[in-house]
Amino acid sequence: MRTAYSVETVRAAERELMARLPEGALMQRAAAGLAAACGQLLGRVYGSRVVLLIGSGDNGGDALYAGARLARRGAGVAAVLLSPERTHAGGLETLRRAGGRAVSPGDAEELIGTADLVVDGIVGIGGKGGLRADAAPLASLVADTRAAVVAVDLPSGVEADTGEVRGAAIRADLTVTFGTHKPGLLIDPAREYAGSVRLVDIGLELPVEAELEALQHADVAALLPVPGGESDKYRRGVVGIAAGSGRYPGAAVLAVAGALRGGAGAVRYVGPAGDAVISRFPETLVSDKGPKHAGRVQSWVVGPGAGDDASAVREVLAADVPVLVDADGLRLADPEAVRRRTAPTLMTPHAGEAAALLGVSREEVEGARLFFARELAGRYAATVLLKGSTTLVADSGGGAVRVNPTGTAWLATAGSGDVLSGLAGSLLASGLSALDAGSAAAYLHGLAGRFAADGAPVGAHDVAAAIPGAWRDVCE
């Protein structure tokens, strides 16, 4: 599992470690890791042209010491000093002794235009609100360069704790981060600025509970239900699907597809699309008597393609089993009925649906995904899976937010969310918590999207069909 910690937590851990180490040792550890990553990216260090963009923070010092290491290996290194009077003195002196040179921002355009590598050491993890006016032009120069761009700890101009980008920022090909990931490296829009991320261990001792968690194969494999010798369809979990309408029968079919491929022992379908469902999936248990009279289930999925009929949503929310609410169900659900529930509730909005529930714009949600995922979870007393380029899963009780690392833009297709809902509902029926079910479903769904697409357009039905392959890949 990859974990990310807040700036406050990282700085506290750094202070504790620095108190036990010789002065400057921690920065040297960071600089050594940074220089090694830069060297690997360059391939041939000797004779290469390296430009360091240096601000006044400690990450400017990291860049200067790393630049000195590259200079000693034969690179031509120039440091563009944005605040000469506040530049890390020890790092600058070390660079000069190694043969590097310091220049003014006026020289940046020519140097960046001919560089092989640009190292972004402008702003550290405490930066807020985008680059300052004097540094913002550098972001445009870096965007136009053919050089490889490496960010020190975090791309300058993005916010470490939130993943927000509220102004000009550096776009990196590689970010070398120290001690732990920062939330902004895992959450869009900041994640798009980070490029590939390499973590350098500098010996920080961090708390058990992180700010953010990104599950990996082994973590998901440990969550997925595996039937035993005594399992039957009821022990494996029965999921109810209340979805679809005369206008949107396909939503019901896709939600059922996701549930069947999510390991459920049985799927009960309730709604007006019964004929369409049974023709595709004859193993489905179809009922036309409403959720209250559908029979035994261990979880419900309600809302995909429901149109304007709120009756099924009301009945499902009154059930004393885990419930997933998606799509039209989010609009039709009574907020107070959601908050009153004692069984787990998992809400799965995309940014537009979350914005409507919170009374803000879609752009606001997309620009501050972590904040709004938590806000929605708290407001509805539910677990929230906020879909998007980086899917987040937040519990109403706080704790680490899960971020899904497997997403792909190929999943931006009609019906893909219906498949995800059925998959997550199946995992809820197996006994997983809302947080675990949402996280594992998002992970498998992302992998399935990658497998199905393989670089070419696909439909939601292809994604559903690829779920068993994703499951197998995770568990092997």
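Helices (DSSP H or I, at least four residues) and strands (E, at least two) are DSSP runs numbered from the N terminus. The model is predicted: local features need pLDDT of at least 70, side-chain atom pairs count only at pLDDT 80 or more, and totals for chains, interfaces and linings use all residues. Residues are numbered from 1 along each chain as its sequence is written, and side-chain values use heavy atoms, leaving out hydrogens and water.

**Exercise 1. Backbone outliers**

Task: find where Ala-327 and Asp-153 lie, and decide whether each is buried or exposed.

Solution.
- Step 1. Ala-327 sits in the loop between strand 14 (323–325) and helix 13 (328–332). Its phi is near 50°, positive in a residue other than glycine.
- Step 2. Buried means under 20% relative accessible area, exposed over 50%, and partly exposed in between (1.4 Å probe, protein chains only). Ala-327 has 17% relative accessibility, so Ala-327 counts as buried.
- Step 3. Asp-153 belongs to the loop between strand 6 (148–152) and strand 7. Phi of Asp-153 is near 75°, again a positive value in a residue other than glycine. At 9% relative accessibility, Asp-153 is buried.
- Step 4. For context, most residues other than glycine have a negative phi, and most peptide bonds are trans.

Task: what is the peptide bond from Asp-188 to Pro-189, and where does Pro-189 lie?

Solution.
- Step 1. The bond is cis, with omega near 5°.
- Step 2. Pro-189 lies in the loop between strand 7 (174–178) and helix 7 (190–194).

**Exercise 2. Helix 15 against helix 17**

Task: classify the crossing of helix 15 and helix 17.

Solution.
- Step 1. Axes are lines fitted to C-alpha atoms, for helices over the stretch in contact; angles run from 0 to 180 degrees between N-to-C directions. The axes of helix 15 (residues 351–358) and helix 17 (residues 369–380) come within 11 Å and cross at roughly 50°.
- Step 2. Angles under 35 degrees are roughly parallel, over 145 roughly antiparallel, 65 to 115 roughly perpendicular, and the rest oblique. Helix 15 and helix 17 are therefore oblique.
- Step 3. Contact means heavy atoms within 4.5 Å. Ala-354, Leu-357 and Leu-358 of helix 15 meet Phe-372, Glu-375, Leu-376, Arg-379 and Tyr-380 of helix 17.
- Step 4. Nonpolar covers Ala, Val, Leu, Ile, Met, Phe, Trp, Tyr, Cys and Pro; charged covers Asp, Glu, Lys and Arg; the others, Gly among them, are polar. The contact of helix 15 with helix 17 has six nonpolar, no polar and two charged residues.

**Exercise 3. Helix 18 against helix 19**

Task: repeat the analysis for helix 18 and helix 19.

Solution.
- Step 1. The axes of helix 18 (residues 416–429) and helix 19 (residues 434–453) come within 8 Å and cross at roughly 135°.
- Step 2. That angle makes helix 18 oblique to helix 19.
- Step 3. Helix 18 contributes residues including Leu-420, Leu-423 and Leu-427, and helix 19 contributes residues including Ala-437, Ala-441 and His-445.
- Step 4. The contact of helix 18 with helix 19 divides into 12 nonpolar, two polar and no charged residues.

**Exercise 4. The whole chain**

Task: how does the radius of gyration agree with a compact globule?

Solution.
- Step 1. The radius is taken over C-alpha atoms, and the globule rule is 2.2 Å times the number of residues to the power 0.38.
- Step 2. For 476 residues a compact globule would have a value near 23 Å; the protein has 25 Å, which agrees.
- Step 3. The C-alpha trace spans about 80 × 40 × 40 Å along its principal axes.
- Step 4. The protein has 20 helices and 18 strands. Buried residues make up 57% of the 476 residues.
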